[in-house]
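User: Hey, I've got a protein model open and I'm new to this. Can you walk me through it?
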Amino acid sequence: IQIPSEYVQKAAMREISKVLGVMTREAIVGGEQVLARRLLIEGKQAGFTGVIPPGKRALTVAVSDVTGVSGLLKAGDYVDVLVTFDQQVVGDHVSQILLQNLLVLAVNRDSEVAQERDAKKEAGKETGIVKVATVTLAVSPSEAAKVTLSEEKGKLRFALRPYIPEE
């Protein structure tokens, strides 16, 4: 459909020929603008490795309902990663933004913890323990090292970015 130019998103595909027959990373509803990041780029294999952007790696971290935006994260979202270190690690209590604008590739994909939790919930045996889930992010190799060290030595938390990019 045609829409006024002021409403076209920056990453919107503008040529039908570049979209027809292309696989998508997730469902696209009728009337929605098709964004380049939601398509499997030509030449990439379908499957999970096909959704990892060039120059990036898929890195999975554990999250709870609190640290993972109350379970509202989904593939295709963008997040900021915050880290908090306690006094024993860095000499003072420190919290800072570690990385910004990271693409979420997956949430709870083939997670044994999530499967066990879901099985307990279905059986009516939910224990009341804080739910643990996984979030897989697209990161550069150097970002992967930062996230891994921060997860080992501190506590990670995600901040969900708005759907419409900030200018």
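User: Let's start with a helix. How many residues does α3 have, and what distance does it reach from its first C-alpha to its last?
Analyst: Bear in mind that this is a predicted model. Helix α3 covers residues 141-153, so to speak a run of 13 residues, and reaches 19 Å from its first C-alpha to its last. That is close to the 18 Å expected at 1.5 Å a residue.
User: Okay, and which residues in α3 are buried?
Analyst: E143, A144, V147 and S150 are buried there. Looking down the axis of α3, you'd find these buried residues within an arc of 135 degrees, so they line one face of the helix.
User: What about the other side of α3, which residues are exposed there?
Analyst: On that side, L149 and E152 are exposed.
User: Zooming out now. How many helices and strands does the protein chain have?
Analyst: There are three helices and five strands in the protein chain. Going along the sequence, their pattern is β-β-α-β-α-β-α-β.
User: And how much of the chain is buried?
Analyst: Of the 167 residues in the protein chain, 31% are buried. The accessible surface of the chain is about 11300 Å², and carbon and sulfur atoms hold 54% of that surface.
User: What share of the contacts with a separation of 6 or more comes from residues 24 or more positions apart?
Analyst: That share is 66% in the protein chain.
User: New topic: odd backbone angles. Which residue in the loop between β1 and β2 should I look at?
Analyst: Try V69, which sits in the loop between β1 (57-64) and β2 (78-85). The phi of V69 is near 60 degrees, a positive value in a residue other than glycine.
User: Why point that out?
Analyst: Because most residues other than glycine have a negative phi.
User: Fair enough. What is the phi of N101 near?
Analyst: N101 has a phi near 60 degrees, again positive in a residue other than glycine. N101 is in strand β3, residues 94-107.
User: Is N101 buried, exposed or partly exposed, then?
Analyst: N101 is partly exposed, as its relative accessible area is 43%.
User: Last thing, what does the pLDDT look like for the chain?
Analyst: The protein chain averages a pLDDT of 80, and 78% of the residues score at least 70.
User: Where does pLDDT stay under 50?
Analyst: Over residues 110-117. For that stretch, the model has nine contacts beyond four places in sequence.

Technical notes
Residues are numbered from 1 along each chain as its sequence is written. This is a predicted model: local features need pLDDT of at least 70, side-chain atom pairs count only at pLDDT 80 or more; totals for chains, interfaces and linings use all residues. Side-chain values use heavy atoms; hydrogens and water are left out. Helices (H or I, at least four residues) and strands (E, at least two) are DSSP runs, numbered from the N terminus. Buried means under 20% relative accessible area, exposed over 50%, partly exposed in between (1.4 Å probe, protein chains only). Contact means heavy atoms within 4.5 Å. Accessible areas come from the Shrake-Rupley method with a 1.4 Å probe; for residues, only the protein chains shown count as cover. pLDDT is the predictor's confidence in each residue, from 0 to 100. The expected span of a helix is 1.5 Å times one less than its number of residues. The arc is that of the directions from the helix axis to the C-beta atoms.
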